[in-house]
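New to this structure? Here is a quick briefing to read with the model open beside you.

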Amino acid sequence: MIAIHHRPGNFSERWITYCNKKGIPYKLVNCYDSDIIKQLENCDALMWHHSHIYYKDVLFAKQLLYSLKQAGIKVFPNFNTNWHFDDKIGQKYLLEAIDAPLVPSYVFYDKKTAIEWAFNTTYPKVFKLRGGAGSQNVSLIKNKKEALRIINCAFGKGFSQYNRLENFKEKYRRYRIGKETLWGVMKGIARLFIATEFAKMNNRDKGYVYFQEFIPENNYDTRIIIVGDKAFGITRGVRENDFRASGSGNITYDKEKINIEMVKIAFDVNRKINSQSIAYDFILDGDKPLIVEISYGYAIEAYDPCPGYWDTSLSWHEGQFNPQEWMIENLINELKINV
């Protein structure tokens, strides 16, 4: 039996639909309950689409999933898929260790070393907190003065993981292009004064500073998502007068616009990582594809218009598909192998 932690609007909705359609035995559980281990008695697997935006998930989701894995229960996402989720520093070490084509990245854990680097490097650079998605907590550092300000803050009061002003600006930007409601903008205004539950419960980021090289002349990025032995992708245009593409909403589903070398690299890297499902975000340095970051979690409906997918031989398969169904099918296959 498969246990599913359900939250409206995430992968679990499609997992449940698929189980009902195929007659697959499943059980709804609540991973937040203290007796979750008892709830999982007689279950062979747990599927939980945990998220970086819920402070409770950040507190214990990975620890619970890893513990279940030690007990012989199959999980989604598993360790290889999950440990580096919403952790750009972890991703840096992982991708460098397997010699993946990562955008050159730098992390410092003491102020003196960071300042020395800031005086000797070139600009611009991209500053990021280790967590955050949709271009949250990402900014362009244009010169040494700005870098020193960031470094002083990183080793001083630190950074809130929730940027109220940036959140409002993003809501207003999306409202202007028809992707946000007026009510959403009003909530953005309210958030200028009232912190989110996540912001209240999480500590400020401090004690490290992380930068990446700024790679110019990228008007869009490319996201390639691997689920098992299948890959699909989109391109995302950057925001107006900005360099960030993630979360922009400017999505293109044109297969011909996707660099097939990125698909090949994503498959190659994923074979080394051995993940169940990961999204790889790419940009180009001239003609060379570089990975910006990776994430097992992503929006659902945004990928429904994709016209098809590639297999590991890079053959194209035209037609609609449901990647959440692939996830549960692959997990079931894992269970059969271990019977």
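Let's begin with a pair of helices: helix 6 and helix 7 are roughly antiparallel to each other, because their axes cross at roughly 170° and anything over 145 degrees counts as roughly antiparallel. Keep in mind that this is a predicted model. From that pair we'll move to a sheet, a buried helix, some salt bridges and one buried asparagine.

**Helix 6 and helix 7**

- Helix 6 covers residues 111-120, helix 7 covers residues 144-154, and their axes come within 9 Å.
- On the helix 6 side, the contact is made by Lys111, Ala114, Ile115, Ala118 and Phe119.
- Helix 7 answers with Lys144, Ala147, Leu148, Ile151 and Asn152.
- Sorted by class, the residues in this contact are seven nonpolar, one polar and two charged.
- Helix 6 also has business elsewhere: it lies across strand 5, strand 6 and strand 8, running at about 145° to strand 5.

**The four-stranded sheet**

- Those three strands belong to an open sheet of four, with the order 5-8-6-7 and antiparallel pairing.
- Which strands stand at the edges? They are strand 5 and strand 7 (138-141), and each has a single partner strand, so one side of each is left without a neighbour in the sheet.
- Neighbouring strands here are turned by 25° against each other on average, ignoring direction.
- Strand 6 and strand 8 run antiparallel and are joined by four bridges.
- If you'd like a spot to look at, find Lys125, which stands opposite Glu213 in strand 8.
- Helix 5 packs on this sheet too, touching strand 5, strand 6 and strand 8.
- The direction of helix 5 makes about 125° with that of strand 5.

**Helix 5, largely enclosed**

- Helix 5 spans residues 88-97, and seven of its ten residues are buried, so the rest of the structure largely encloses it.
- The buried ones are Lys88, Ile89, Gly90, Gln91, Lys92, Leu94 and Leu95.
- What covers them? The cover includes strand 5 (105-108), strand 6 (125-128) and strand 8 (209-213).
- Also part of that cover are helix 11 (260-273) and strand 13 (288-295).
- Just past the end of helix 5, Asp99 takes a positive phi of about 60°.

**Salt bridges**

- Side chains of opposite charge can pair when their charged atoms come close.
- How many salt bridges does the structure hold? The count is 16.
- One sits within helix 5, where the side chains of Lys92 and Glu96 meet at 2.8 Å, N to O.
- Lys92 and Glu96 are four residues apart, about one turn of the helix.
- Are these two partners buried or exposed? Lys92 counts as buried because its relative accessibility is 9%, under the 20% cut-off, whereas Glu96 is partly exposed at 40%.
- Another salt bridge links Glu256 with Lys255, with their closest N and O atoms 3.2 Å apart.
- Glu256 is exposed, with a relative accessible area of 63%, while Lys255 is partly exposed at 27%.
- In helix 11, Asp268 and Arg271 lie three residues apart, about one turn of the helix, and their side chains meet in a salt bridge of 2.4 Å, N to O.
- Asp268 is partly exposed, with a relative accessible area of 27%, and Arg271 counts as exposed at 51%.
- There's also a network: Asp221, Arg223, Arg236 and Asp281 are joined by salt bridges that share partners.

**A buried asparagine**

- Asn82 is found in helix 4, which covers residues 79-82.
- Its relative accessibility is 0%, so Asn82 counts as buried.
- Which residues does Asn82 touch, leaving aside those up to four places away in sequence? They are His50, Lys62, Leu65, Tyr66, Pro77 and Tyr296.
- Take Tyr66 from that list: Asn82 and Tyr66 are 16 residues apart along the chain, and their C-alpha atoms are separated by 9.4 Å.

Conventions:
Residues numbered from 1 in each chain as written. Predicted model: local features only at pLDDT ≥ 70, side-chain atom pairs only at ≥ 80, totals over all residues. Heavy atoms only, no water. Buried < 20%, exposed > 50% of the residue type's maximum accessible area, 1.4 Å probe, protein only. Helix = DSSP H or I, 4+ residues; strand = E, 2+ residues; numbered from the N terminus. Contact = heavy atoms within 4.5 Å. Pairing = 2+ DSSP bridges. Axes fitted to C-alpha atoms, helices over the stretch in contact; angles between N-to-C directions. Parallel < 35°, antiparallel > 145°, perpendicular 65-115°, else oblique. Nonpolar A, V, L, I, M, F, W, Y, C, P; charged D, E, K, R; others polar. Salt bridge = Lys/Arg side-chain N within 4 Å of Asp/Glu carboxyl O.
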